[in-house]
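Welcome, and please have a look at the structure below. This short report starts with the ligand and its surroundings and then turns to helix packing.

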Amino acid sequence: MNWFPLLAALAASLACAYFRSNLRTWTIAGFAAIFTVGVLAGSHWLAIALTALAFGLLSVPLNLDDFRRKKITAPLLGVYQKITPQISATERTALEAGTVGFEGELFSGKPDWSKLLGQPKPELSLEEQAFLDGPVEEVCRMTDDWQITHELADLPPEIWDFLKKKKFFGMIIPKQYGGLEFSALAQSAVLQKLMGISGSLSSTVGVPNSLGPGELLLHYGTQEQRDYYLPRLADGREIPCFALTGPTAGSDATSIPDYGIVCKGDWHGAQVLGVRLTFDKRYITLAPVASLIGLAFQMHDPEHLLGDKEHIGITLALIPRDTKGLEIGRRHFPLNGAFQNGPLHGKDIFIPMSQLIGGADMAGQGWRMLVECLSVGRAITLPSNASGGVKMGAIATGAYARLRKQFGMAIGRFEGVEEALARIGGHSYAITALSKATAAAVDRGEKPSVPSAIAKYHATELGRAVANDVMDVHGGKGVQLGPNNYAGRAYQTAPIAITVEGANIMTRSLMIFGQGAIRCHPHVLKEMQAAQIPDYATRLRAFDRELFAHIGFAISNAARSLVLGLTFAKIGNAPGDKYTRRYYRKLNRYAANLALVADSAMLLLGGKLKFKESLSARLGDVLSNLYIASAMLKRYEDQGRPVADQPLLAWAFHDCAWRMQNALDGVLRNFPIRPAAWLLRALVFPLGRREVPPSDRLGHRVASILMSPNEARDRLAEWTYLTPNANNVVGRMNALLPDVIAAEPIERKFAKARGQLTSLDAAAQLAEAEQLGAITADERKLLERVRAATAEFIAVDDFDPAELQSAVKHGKSPVLRSVA
Ligand SMILES: Cc1cc2nc3c(=O)[nH]c(=O)nc-3n(C[C@H](O)[C@H](O)[C@H](O)COP(=O)(O)OP(=O)(O)OC[C@H]3O[C@@H](n4cnc5c(N)ncnc54)[C@H](O)[C@@H]3O)c2cc1C
């Protein structure tokens, strides 16, 4: 009985921590619990008094603001200032660029779901939909990816002209400058549809609408630059590229050695102030055909022609193609992708100050400009390409797995193939939700630096996994390249998306959690800012406020992790319907886990966490999967909670939950301070690891969705080019699917009658079966039609050997040379 007051104080504290009560509420609740429970339970007065005294000694000083600040916060502030890692100027720029959206809620450990579900449903305008149904459909019809990737290694002239004429390169440019001024969602829809027919086409359209001269001029250009260049970029008179990367500066882009010296020089016959540039760039998309080159370089002013500063910093310039000394036009060959990509060089090229983006005023601001714009482009181009690619892969593979028969069965019916189909369907659902969520964030005016890194990494990684599965299900049909192969090029070029706009290993290891932890954490950035306030009294007050909010936050996350772990996350308020409520609750649990473990890692490892990339990467995985799962739930709500989509949602959700659990487990197993890891494990997994991967039964349901026409499959195929034109094998195969399914029972009837047939010829056998009455005349016609079409779809290409020897074609066979 005498322990009851203590137990009551602990229970009240746990409840207050779970519900995030403030210090005063906790103090009052603690005393109230001690006295009420003590009296009701008949505890000895001394037990009540001693418990109240101990609780009071702990809680009351914390409530005395002056005492707390001087005796507790002030020494902690001193320690904090010593141990807080120094943030480099580059990191500061990255941290300060961008906004925090719903990902901040996920990092808070207690997401406010109304903020997600209250966001408007992303929708295309009528004009955007008309563009998708008109010019986009038309250019898809004109596209022959084999011609592009093999025969021409370029888009044919009529497609270049069409893209320019219809302003595909001006989707981000406002109407006042002659552009289309499309929403991010519309850009995404356009790229997705193009990607389904040709990756080279979608990359060519994506780049001018992503980070490059157009975007940079819109934000930082002088009025004169905008008035001149934007209309020309909108209608394709200028083809832009943007050159940052060089041989020694890849991922570490701020280390570019390219330089420009401020000096006077000749520009169109006049002596003007400008910059003499020397640079060596590679991998630059559209460079071989670009007429306007955006260039990043380090600017120096040794003669102080602009002011006191000698090293001005990274600066961005626009170089017209005809500038004297520019070496441009050669091509790289990125994994048989035929979009234009190549190196460019320049030595002592002179440009006037008016060619700096934003003019001389913006000299030295280049890195900030790039980072500020990067999140927007990264949120759209690569996730959209991944989304378009996997959707086409899902539709194609579902249809192919139904029409391709082995061992007398559609291959998609074999459990091994079902597994691959389930991954294709589940990942496609996740990627498309993720891609739409980041585009919608841009349309809400956010600069989603953390979500864009999540989307870039996960959409391309899952996309690569889907490309693998698509190939495996297609067997030899996927391997043999040619006009009939719709899977091989996407598989070949998957590593390009992994590499560009921040190579994936670095994006996962450094950026997602590295930026997310500081940007999205409700207190860390504010603490850093408070610790830098010059006036001591103000600094102490601000730091005290953030520090104690942070401590309360950490205790709350520990309590929530424990309670939600012990109850298998089956309690607590959550939105959704009876199907999805449990998903929201599970995310509540993992959000609390992430907040707890991330806080502990930051507190215990401090600056060293920056170099513990594997831990940082796994924490990023938890944040990413929370974000992806939230995007999927929002998609499900936006689409009116369609019952038919539940298997896709369930598969993808369980996959996310499984990944989150494994990532947390990985952090705890590798956490260098072992006692802390044991304690965290007890709070995060009090009843062990309970998540399992999606079940085979669920996988079977997802595979079935992909293998027959149905509304869930149609929704998954949104913005996919499926018109059954001559150039679209997948569209035609998809159109045949109802007949393939209708033919299945007839094939079974035919198979039963086979024993009575005398002919060996397939066509004659059908006639015989009809004569015997095993199948009707109509059924025979259907089988003939489906078999003929199937033969066409399972066919692969073959070539005259000389056709494949491009060197022979050009009279420089390497074989002949080596013989000689
Ligand atoms: C097809 C294509 C198109 C491109 N288009 C353009 C363009 O238009 N303009 C432009 O300027 N650039 C462009 N790029 C360049 C692209 O952005 C770079 O390739 C990219 O930044 C990576 O640089 P890198 O290839 O030199 O790899 P490296 O920097 O050499 O990296 C190699 C590996 O090391 C990893 N890594 C590096 N540092 C770290 C770290 N700190 N922690 C963990 N892992 C790390 C990377 O993730 C990567 O996996 C393009 C590249 C390609 C292939």
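## Polar contacts with the ligand

A polar contact here means a pair of N or O atoms within 3.5 Å. Please keep in mind that the model you are viewing is predicted. With that cut-off in hand, start at Phe 242, where a polar backbone atom is 2.8 Å from a nitrogen atom of the ligand. Tyr 283 also takes part through its backbone: one of its polar atoms there lies 2.8 Å from a ligand nitrogen. At Leu 244, the partner on the ligand is an oxygen atom, 2.8 Å from a backbone N or O atom of this residue.

How much of the ligand's accessible area does the protein cover? On its own the ligand has 980 Å² of accessible area, and the protein covers 68% of that.

## The shell around the ligand

Several elements give two or more residues to this shell: the strands β1 (240–243) and β3 (270–285), together with the helices α19 (488–499) and α20 (504–520). In total, 21 residues surround the ligand, and the closest are Phe 242, Leu 244, Thr 245, Ser 251 and Glu 613.

Sorted by class, the shell holds 13 nonpolar residues, six polar ones and two charged ones.

## Two helix pairs

Now to the helices. Helix α11 (residues 184–197) packs with helix α15 (residues 366–403) at an angle of about 45 degrees, and their axes are 7 Å apart. That angle is why α11 and α15 count as oblique to each other. The crossing in which α11 passes α15 is right-handed.

For helix α29 (residues 729–753) and helix α31 (residues 777–794), the packing angle is about 135 degrees and the axes lie 8 Å apart. The pair α29 and α31 is therefore oblique as well, and its crossing is left-handed.

Terms used: Residues numbered from 1 in each chain as written. Predicted model: local features only at pLDDT ≥ 70, side-chain atom pairs only at ≥ 80, totals over all residues. Heavy atoms only, no water. Near = heavy atom within 4 Å. Polar contact = N/O pair within 3.5 Å; in protein donor to acceptor, adjacent residues only side chain to side chain. Areas by Shrake-Rupley, 256 points an atom, 1.4 Å probe, with all protein chains shown as cover. Helix = DSSP H or I, 4+ residues; strand = E, 2+ residues; numbered from the N terminus. Nonpolar A, V, L, I, M, F, W, Y, C, P; charged D, E, K, R; others polar. Axes fitted to C-alpha atoms, helices over the stretch in contact; angles between N-to-C directions. Parallel < 35°, antiparallel > 145°, perpendicular 65-115°, else oblique. Left-handed = near helix turned anticlockwise from the far one by under 90°.
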